[in-house]
Each structure stands twice: as structure tokens, then as C-alpha cells.
Amino acid sequence: MASRQQNISINLLPPEFMAEEIKSAQFYKIQTIGVGIILAMIFLSSLTVALRILQSSNISRIEEKLGEVTGKVVDLKDRQASLVLLKNRLTTISQNLGAASKQNNMYTLLDKLIPQSVSITSLSVDKIGNAAIVALVPDSNALDSLVTNLYSKEKNEDKIGQVSIESLNRGRDGLFRVSLKVVAR
């Protein structure tokens, strides 16, 4: 049978020593807790500094990417302006390519109406089709034919609204020098 043993403890130390030991134990506990708090603060501070460094590097990379993208956008903006200008020009060209211009129509019409015996000294047609003609005409029949062709609605295909003779001279050589203004319809 097992006998039960009772533990008896006898404290032979003076009570002041015990109080000193308790104070000492509490001091060591407080010191251990303080060191733990200081270590935790050091850990949290170093973690904060490490996160700040990571964030700074991330911000730097993002700012570099932003600078690159901004540069690309500026390049594309310049390209867009060039493309819009080119598109407008192509639209204008395609509109004018299909239809003959008023200038071209007037040149073609005057080529048909001016007799071959008439020598053109100067011919200019503006954008709206008005023409200024300076010509040498050999005789009065050719002059009559020229004026009749320009005035006749059947011959001028109703494309000429008004013809005015600005000047008419006959030189010693027998040639008529005529200056005409033709207004398109």
C-alpha cells in the first residue's frame, strides 16, 4: 500500500527577505514586459519603415509608367491632329475628284466656243468660273463669231450668265485686240 506523503514546507527565511523577493520578482516581471514592449515597438517600427520603402519604390515605378504613358498620349495626340488634317484633306480631294470643278468646266466650254482663228493672249478663270480673256482676232468675222458663241445660250450650254467687252482696239496690222469678261452662271 502506498502511503500518502504529505509535503510539509517550513519557511525559515525572515519575512523581510520574502518581501524583498516578491518586489524583486515584480521588478523582473515589469522589466520583462517593458523589454517585450520595446522589442514589439522596434519590430513595428522596422515593419513600418520596410513598408514605406516598398511603397516608395512602387510609387516610383508607377510614376515612371505614368510618365511613359503620358509621353505616348502626347505622341498620339500629335498623330491624331495629323490624321484629322489628313482625313479632312482626303475628304476634300474625294469630293472634288468625282465632280469637275467650275474652273475646269469653264476652260472646256471656252475651248469649244472660241474659234480656232482667234489667238488667246491671256486667259484666267477664278474659282467660281468667271473668266477674263485677252485675245487677238484676225478679222471682224472671227470677232463676230467669238461674241455670238459666248452670248448664245444654246452654244454656251446656259453656263455663261454675262459677257462684257472690256476693251476693243484695232491695230495698224489689222488685228483686233479684245478684252472680255465672262461671268459664269
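Trainee: What makes Lys112, Glu157 and Lys159 a network of salt bridges?

Mentor: In this predicted model, the side chains of Lys112 and Glu157 meet at 3.1 Å, N to O, and those of Lys159 and Glu157 meet at 3.3 Å, N to O. The criterion is a side-chain nitrogen of Lys or Arg within 4 Å of a carboxyl oxygen of Asp or Glu, so each pair counts as a salt bridge. Glu157 takes part in the bridge to Lys112 and in the bridge to Lys159, and the three residues are thereby linked.

Trainee: Why is the pair of Lys112 and Glu157 said to tie parts of the chain together?

Mentor: Lys112 belongs to helix α2 and Glu157 to the loop between α3 and β3, so the bridge ties together parts that are 45 residues apart in sequence.

Trainee: Why is Lys112 called exposed, and what is Glu157 called?

Mentor: Exposed means over 50% relative accessible area. Lys112 has 56% and is therefore exposed. Glu157 has 38%, which falls between 20% and 50%, so it counts as partly exposed.

Trainee: How do you know that Asp158 and Arg185 form a salt bridge?

Mentor: Their N to O distance is 3.2 Å, and the limit is 4 Å. Asp158 lies in the loop between α3 and β3 and Arg185 in the segment after β4, 27 residues apart.

Trainee: What makes the sheet of four strands open?

Mentor: The order is β1-β2-β4-β3, with antiparallel pairing. β1 (119-125) and β3 (160-170) stand at the edges with a single partner strand each, so one side of each is left without a neighbour in the sheet.

How values were computed. Residues are numbered from 1 along each chain as its sequence is written. This is a predicted model: local features need pLDDT of at least 70, side-chain atom pairs count only at pLDDT 80 or more; totals for chains, interfaces and linings use all residues. Side-chain values use heavy atoms; hydrogens and water are left out. Two strands pair if DSSP finds at least two bridges between them. Helices (H or I, at least four residues) and strands (E, at least two) are DSSP runs, numbered from the N terminus. Buried means under 20% relative accessible area, exposed over 50%, partly exposed in between (1.4 Å probe, protein chains only).
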